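Open the model in your viewer and keep the sequence panel beside it. The tour goes from one selection to the next, with a note on what is found at each stop.

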Amino acid sequence: MSTHSRSAVPLQVAWDESMLAYNFGGQHPMNPERLHLTARLARDCGLLDLDGVTVAAPGVASDEDLAAVHSPDYIRAVRQVSSNPDTSDAARGLGTEDTPAFAGMHEASARLAGGSLDAAEAILRGSAVRAVNFGGGMHHAARSRASGFCIYNDAAASIQRLLDRGVQRVLYIDVDAHHGDGTQSIFWDDPRVMTISLHETGMSLFPGTGFASETGGPGAEGYAVNVALPTVAGDAAVLRAFHAVVPQLAGAFAPEVVVSQHGCDSHREDPLTNLRVSVDAQHALMLGVRELADRLCGGRWIATGGGGYALASVVPRSWSLLVAVAAGAPMGPATPVPAVWREYVLERHGVEAPRLMGDGADIWWRSWEIGYDPNDDLDRTVMATRKALFPLHGLDPWFD
């Protein structure tokens, strides 16, 4: 790809090696090497050198910034454990097996949040139309508790910043294999934010939540949307579900900005999940989110990373494609992976990286208009969501 090419729209990418400090230790799945390899691949593909793309080192979010979505007591607790990692605060999810304590964890977590806050500021200023923080997407962090490898909820912080600066409606779309429970809980009572999460059913995967019956708190009924996908759904099912629920509700909601979470742990190689999704289908979901932002929000879109634990074979390809989609770059699943990056991975990790950005998967899927099959697990879960949510927005669960 020529470095003289132009990004389709001004794009801000949050990246700096300092983001690698978010590190729970060598045995933990949330290995910062994921981010290092992603940034290197994106650069080797020429994505970070496109005209119109700005690479911005994230600032560290202040306690005041974080207190917009987290309780002051919780922030103090994170600071305490951060400065004394031999202690723990299990009641707040700190120093646990999922989120082990480490020296400097407050600053490292606040820097990831800073990347998404900076993205919101860039969109509010108009210096960027789209932004990517692949180091963000910490969607399990709740107002007063760490959970599932997540300490501060950067996506929620960026959404709240947009609201505080006058944006009326923000759509949050989460396609991580795990339910976006923290982001949902933070905005549970706020009808200005619609949270949509498509994830492996809580019957088989952490955190055990995210069913169609979870629709929002008093005064915000219908603004929490969940599609609990069958355990081994696969590409066609995930894409069918997305297109049967997300565009319809997004259109009814009419957001001004889209914020999305693109955890790539839905991949068939991921060691922690079961959804069996290809990079090609993850790319198709990215295109689907971009199309909604273009159609409904003048393109305004903040995309974050999230889960993803196949650190050399999957995560860098998926999130480099996310940068490409946000940049409008002519790159897709059939694009060869640069040889220089593959050689780097072989030298650094002793593994052969894939030769293509995608998996060569057939991602054909059946449109919902073809009809509903009550004997199909996927169709039943999609219909449960449509029945629970569509009438609250003036939509027909059978025909819209």
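The stops below cover pairs of helices, one helix by itself and a few single residues, all in a predicted model.

**Stop 1: H1 and H9**

Select helix H1, residues 33–44, and helix H9, residues 315–327. The two pack with their axes 8 Å apart and at an angle of about 50°. H1 and H9 are therefore oblique to each other, and H1 passes H9 in a right-handed crossing. To see the contact, show side chains for Arg 34, Leu 35, Leu 37, Thr 38, Leu 41 and Ala 42 on H1, and for Val 315, Pro 316, Arg 317, Trp 319 and Ser 320 on H9. By class, this contact of H1 with H9 has seven nonpolar, two polar and two charged residues.

**Stop 2: H8 and H9**

Keep H9 selected and add helix H8, residues 279–297. At what angle do H8 and H9 pack? The angle is about 25°, and the axes are 10 Å apart. Because angles under 35 degrees count as roughly parallel, H8 is roughly parallel to H9. The crossing of H8 and H9 is right-handed. On the H8 side, the residues to show are Val 279, Gln 282, His 283, Met 286, Leu 287 and Arg 290. They meet Arg 317, Ser 318, Leu 321, Leu 322 and Val 325 in H9. Sorted by class, the contact of H8 with H9 has six nonpolar, three polar and two charged residues.

**Stop 3: Cys 297**

Stay on H8 and select Cys 297, which is found in that helix. Is Cys 297 buried or exposed? Cys 297 has a relative accessible area of 1% and is buried. Leaving aside neighbours within four places in sequence, Cys 297 is in contact with Pro 255, Glu 256, Val 257, Val 258 and Leu 292. Next, draw a distance from the C-alpha of Cys 297 to the C-alpha of Val 170: the two are 9.6 Å apart in space and 127 residues apart in sequence.

**Stop 4: H5 and its ends**

Now select helix H5, residues 154–164. H5 is mostly covered, with 10 of its 11 residues buried. Among the buried residues are Asp 154, Ile 159, Arg 161 and Leu 163. At the N-terminal end, Asn 153 caps H5: a side-chain oxygen of Asn 153 lies 3.4 Å from the backbone nitrogen of Ala 155. Just after H5, look at Gly 166, which takes a positive phi of about 105°.

**Stop 5: His 139**

Go back along the chain to His 139, in the loop between strand S3 (130–133) and H5. His 139 is buried, at 3% relative accessible area. Which side chains make polar contacts with that of His 139? One is the side chain of Asp 174, at 2.7 Å. Another is the side chain of Gln 261, at 3.5 Å. Not counting residues up to four places away in sequence, His 139 touches residues including Cys 150, Asn 153, Tyr 172, Asp 176, His 178 and His 179. Asn 153 is also the residue that caps H5.

**Stop 6: Asp 89**

Finish at Asp 89, in the loop between helix H3 (72–83) and helix H4 (105–125). Its relative accessibility is 17%. Buried means under 20%, so Asp 89 counts as buried. Beyond residues up to four places away in sequence, Asp 89 touches Ala 77, Val 81 and Leu 94.

Note on methods. Residues numbered from 1 in each chain as written. Predicted model: local features only at pLDDT ≥ 70, side-chain atom pairs only at ≥ 80, totals over all residues. Heavy atoms only, no water. Helix = DSSP H or I, 4+ residues; strand = E, 2+ residues; numbered from the N terminus. Buried < 20%, exposed > 50% of the residue type's maximum accessible area, 1.4 Å probe, protein only. Contact = heavy atoms within 4.5 Å. Axes fitted to C-alpha atoms, helices over the stretch in contact; angles between N-to-C directions. Parallel < 35°, antiparallel > 145°, perpendicular 65-115°, else oblique. Left-handed = near helix turned anticlockwise from the far one by under 90°. Nonpolar A, V, L, I, M, F, W, Y, C, P; charged D, E, K, R; others polar. Polar contact = N/O pair within 3.5 Å; in protein donor to acceptor, adjacent residues only side chain to side chain.
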